[in-house]
Amino acid sequence: QVQLVESGGGLVQAGGSLSLSCAASGRTFSLYYMGWFRQAQGKEREFVAAVGRFGATYYEDSLKGRFTISRDNAKNTVLLQMNSLKVEDTAVYYCAFGSGYSRRPNDYDYWGQGTKVTVSS
């Protein structure tokens, strides 16, 4: 049984920064890909970023340069640093655990409960 717990969401003004964290337990963390997705109200869940077993990173093109994903295998955590936040970044952010790189939510096996990020203008 894998458990993923996100934290770090909250309310921030446009232009500000937030750092999200996802703590994993239950499996050998270092063997899996970790992804961040987000879902705005009324919209489908969308890919944000992913990090591979050895640290290779992947980003949604529109988020490159503002978002940074990283992982700490010793602490079983994956981080998402979000800078220069925009109102349109408002969403519930989810971390996910999968066996390979994918931008599709259905390819991830385990999900956290989500953490809400609200960016005000």
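## Loop residues, cores and ring pairs

In this predicted model, Ser102 sits in the loop that runs between strand S9 (91–98) and strand S10 (110–111). Ser102 counts as buried because its relative accessibility is 9%, under the 20% limit. A polar atom of the Ser102 side chain lies 2.9 Å from the backbone nitrogen of Arg104. When neighbours within four places in sequence are left aside, Ser102 is in contact with Phe37, Phe47, Asp107 and Tyr108.

Glu60 belongs to another loop, the one between strand S6 (57–59) and strand S7 (67–72), and with a relative accessibility of 29% Glu60 counts as partly exposed. Again leaving aside neighbours within four places in sequence, Glu60 is in contact with Phe47, Val48 and Arg103. The C-alpha atoms of Glu60 and Gly10, which stand 50 residues apart along the chain, are separated by 22 Å.

The largest nonpolar core has 28 residues, among which Trp36, Leu80, Met82 and Tyr93 touch the most other members. At least two residues of this core come from each of strand S3 (18–25), strand S4 (33–39), strand S5 (46–51), S7, strand S8 (77–82), S9 and strand S11 (115–120). A second, separate core is made of 5 residues, including Phe37, Phe47, Ala96 and Tyr108; of these, Phe37, Phe47 and Tyr108 are also among the contacts of Ser102.

Aromatic pairs number 9 in the structure. Two of them, which involve Phe97, are set out below.

| Pair | Centre to centre | Angle between planes | Class |
|---|---|---|---|
| Tyr32 and Phe97 | 4.4 Å | 25 degrees | stacked |
| Phe97 and Tyr110 | 5.9 Å | 70 degrees | edge-to-face |

The pair of Tyr32 and Phe97 links distant parts of the chain, with Tyr32 in the loop between S3 and S4, Phe97 in strand S9, and their positions 65 residues apart. Tyr32 counts as buried at 17% relative accessibility, and Phe97 likewise counts as buried, at 1%. The pair of Phe97 and Tyr110 is edge-to-face because its planes stand at 70 degrees, which is over the 60 degrees required. This pair, too, links distant parts of the chain, from Phe97 in strand S9 to Tyr110 in strand S10, 13 residues apart. Tyr110 counts as partly exposed, at 23% relative accessibility.

Ring pairs also join Phe37, Phe47, Tyr58, Tyr94, Tyr101, Tyr108 and Trp111 into a cluster. Arg45 lies over the faces of two rings of this cluster: that of Tyr94, at 3.8 Å from the ring centre, and that of Trp111, at 4.8 Å from the ring centre.

Conventions: Residues are numbered from 1 along each chain as its sequence is written. This is a predicted model: local features need pLDDT of at least 70, side-chain atom pairs count only at pLDDT 80 or more; totals for chains, interfaces and linings use all residues. Side-chain values use heavy atoms; hydrogens and water are left out. Helices (H or I, at least four residues) and strands (E, at least two) are DSSP runs, numbered from the N terminus. Buried means under 20% relative accessible area, exposed over 50%, partly exposed in between (1.4 Å probe, protein chains only). A polar contact is a pair of N or O atoms within 3.5 Å; within protein, one must be able to donate a hydrogen and the other to accept it, and residues adjacent in sequence count only if both atoms are side-chain atoms. Contact means heavy atoms within 4.5 Å. A nonpolar core is a set of buried Ala, Val, Leu, Ile, Met, Phe, Trp, Tyr and Cys residues joined through side-chain atoms within 4.5 Å. Rings of Phe, Tyr and Trp (its six-membered ring) pair if their centres lie within 6.5 Å; planes under 30 degrees apart count as stacked, over 60 as edge-to-face and the rest as tilted. A charge sits over a ring if NZ of Lys or CZ of Arg is within 6 Å of the ring centre and within 35 degrees of the ring normal.
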